[in-house]
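Dear colleague,

Please find the structure below, handed over for your use. My notes on what was found in it follow.

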Amino acid sequence: MLLIKNGYMIDPKTGWDGNYDILIENDRIVRIGKKLEAPKGKHRVLDAEGLLVAPGLVDVHVHFREPGFTQKEDITTGAAAAAKGGFTTVVLMANTKPPVDNTETLEYIIKRGMETGIHVHTCANVTMGMKGKKLVPMRELAEAGAVGFTDDGIPLMDEELVREAMKNAAALDMPISFHEENPALIENNGINRGKASEYFGIGGSPREAEITMVERDLQLALETGASIDIQHISAKESVELVRKAKEKGHNIHAEATPHHFTLTEDAAIQYGTLAKMNPPLREETDRQEIIRGLVDGTIDMIATDHAPHTAEEKAKPITEAPSGMIGLETALSLGITELVDGGYLTMGQLLTLMSTNPANMYHLDAGYLAEGGPADIILIDTTAEWTPTEYVSKASNTPFTGRTLKGKVAKTICGGKVVYEALERE
């Protein structure tokens, strides 16, 4: 039994907002109230004085690289990084080796996830071998435990295949997520076509590569009624397309990464491969429109796209190094620093984007605090300043190392157990 006392609790879904205590038994919340006392017997009391008590965060876009690329990350280290960042639930992408296009690989990942301290779910692929030619057995994979479908990392170019995939996903009432970049329009991916590509003397990735794909898939989603997620949105035009589509259909979702609402292509010039990612960091007007989309609900989720790579890989030339950066351990702090302290969002609105909405899209029992609900809770020191220097992740590929951030996770509780505890209050 665990009792959290003296904290200030915010839960956007249930409406709790104030000083409340939380009593936990096993993996569920049994009572929320003021000045609670634990029943006699074995129990632990956590003093949350000066801390914000919030639902565990939910990240629906992470790469833990297992199986196949465990030199970059594995499910154990990825889950530990998630817990440090305040995430109690994650959804893995399916671009592993072998990919998650079969029940054997799916069941292996689910089993490994159950060995961690947090809730690890995974998507299955949309197409066999991520080749964009033949659909996976979607119902079979859903029945085996997949929570959604994506070929993230590789865009789906066959319109008829995408339409059929959306129809199948709609029939299963499961989300399908899209990486929106048309390779035919890209010369060198990971760097914006503009000031950054000119600096490196390469072709780069134009915004049109994203816009055209977003436009197509929004139309197909409205036609089929599928629940879709436009992943890691980067261009202002894409935000506007989602905004208009949401006026016509309730199953349209979009996610923004912390790096896309924080950085521009200037970071690629400054940090090189550490700020190379797909889709790339773009211009200040794009960053501002992404923030506006988060504020007005056009973009309804923040997801990290946690993409670990080795230092050796990232040390390669700009055209050869892989795209992506880690994000689990800095995401919440970037949200507080850039969006809450920046005056764009309240803390409750940030939690909606990082817990409630992602859980709702994937139909997960997560992202809220309620009596009878899951005991997945984080304690946050919202005033603490800290500087990322070392990471629980195997990887350290991020331009945010050495940057002063606001807000730090003090404790992460998942299933009623403390799975991360900061060594000291800062």
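A residue is called buried here if its relative accessible area is under 20% and exposed if that area is over 50%, with partly exposed in between. The model is a predicted one.

**Pro55**

By that cut-off Pro55 counts as buried, because its relative accessibility is 0%. Pro55 belongs to strand 7, which covers residues 52–55. Leaving out residues up to four places away in sequence, Pro55 touches Ile10, Asp11, Pro12, Leu351, Ser355, Gly367, Tyr368, Leu369, Asp376, Ile377 and Ile378. One of these, Ser355, is 300 residues away along the chain, yet the two C-alpha atoms are separated by 6.9 Å. Tyr368, also among the residues that Pro55 touches, has Lys13 over the face of its ring, at 4.9 Å from the ring centre.

**Asp305**

Asp305 is found in the loop that runs between strand 15 (301–302) and helix 11 (311–314). Is Asp305 buried or exposed? Its relative accessibility is 10%, so Asp305 counts as buried. Setting aside neighbours within four places in sequence, Asp305 is in contact with His61, His63, Asp152, His232, Thr257, Asn278 and Met325. With His63 there is also a polar contact between the side chains, at 3.1 Å. Asp365, by contrast, is 60 residues from Asp305 in sequence and 22 Å away in space, C-alpha to C-alpha.

**The parallel sheet**

Strand 15 also belongs to an open sheet of five strands, in the order 11-12-13-14-15, with parallel pairing. Strand 11 and strand 15 stand at its edges and have a single partner strand each, so one side of each has no neighbour in the sheet. The pairing of strand 11 with strand 12 is parallel and rests on two bridges. Within it, Phe149 stands opposite Ile176 of strand 12.

**Helix 4**

Strand 11 and strand 12 come up again with helix 4, since both are included in what covers the buried residues of that helix, along with helix 3 (138–143), helix 6 (208–224) and strand 13 (228–230). The buried residues in helix 4 are Leu161, Val162, Arg163, Ala165, Met166, Ala169 and Leu172. As general background, an α-helix has 3.6 residues a turn, so residues three or four places apart point the same way.

Helix 4 comprises 14 residues (159–172), which at 1.5 Å a residue should span 20 Å; the C-alpha atoms at its ends are 20 Å apart, so the two values agree. At the start of the helix, a side-chain oxygen of Asp158 comes to within 3.1 Å of the backbone nitrogen of Glu160. Just after helix 4, Asp173 adopts a positive phi of about 55°.

Arg163 deserves a separate note. This residue lies in helix 4 and counts as buried because its relative accessibility is 13%. What does the side chain of Arg163 make a polar contact with? The partner is the side chain of Glu223, at 2.6 Å. Apart from neighbours within four places in sequence, Arg163 is in contact with Leu220, Glu223 and Thr224.

**The hairpin of strands 17 and 18**

Strand 17 (residues 405–414) and strand 18 (residues 417–421) run antiparallel and are joined by four bridges. Lys411 stands opposite Glu421 in strand 18. The hairpin has two residues between the strands, and Gly415 takes a positive phi near 60° there.

**Aromatic rings**

A pair of aromatic rings is described by the distance of the centres and the angle of the planes. How many aromatic pairs are counted in this model? The count comes to two. Trp16 and Tyr20 form an edge-to-face pair, 4.8 Å centre to centre with 75° between the planes. Tyr199 and Phe200 also form an edge-to-face pair, at 4.9 Å centre to centre and 85° between the planes.

As to accessibility, Trp16 counts as partly exposed, at 25%. Tyr199 is exposed, with a relative accessible area of 52%, while Phe200 is partly exposed at 23%. Tyr20 has a further partner, as Lys34 lies over the face of its ring at 4.5 Å from the ring centre.

With kind regards

Key
Residues are numbered from 1 along each chain as its sequence is written. This is a predicted model: local features need pLDDT of at least 70, side-chain atom pairs count only at pLDDT 80 or more; totals for chains, interfaces and linings use all residues. Side-chain values use heavy atoms; hydrogens and water are left out. Rings of Phe, Tyr and Trp (its six-membered ring) pair if their centres lie within 6.5 Å; planes under 30 degrees apart count as stacked, over 60 as edge-to-face and the rest as tilted. Buried means under 20% relative accessible area, exposed over 50%, partly exposed in between (1.4 Å probe, protein chains only). A charge sits over a ring if NZ of Lys or CZ of Arg is within 6 Å of the ring centre and within 35 degrees of the ring normal. The expected span of a helix is 1.5 Å times one less than its number of residues. Contact means heavy atoms within 4.5 Å. A polar contact is a pair of N or O atoms within 3.5 Å; within protein, one must be able to donate a hydrogen and the other to accept it, and residues adjacent in sequence count only if both atoms are side-chain atoms. Two strands pair if DSSP finds at least two bridges between them.
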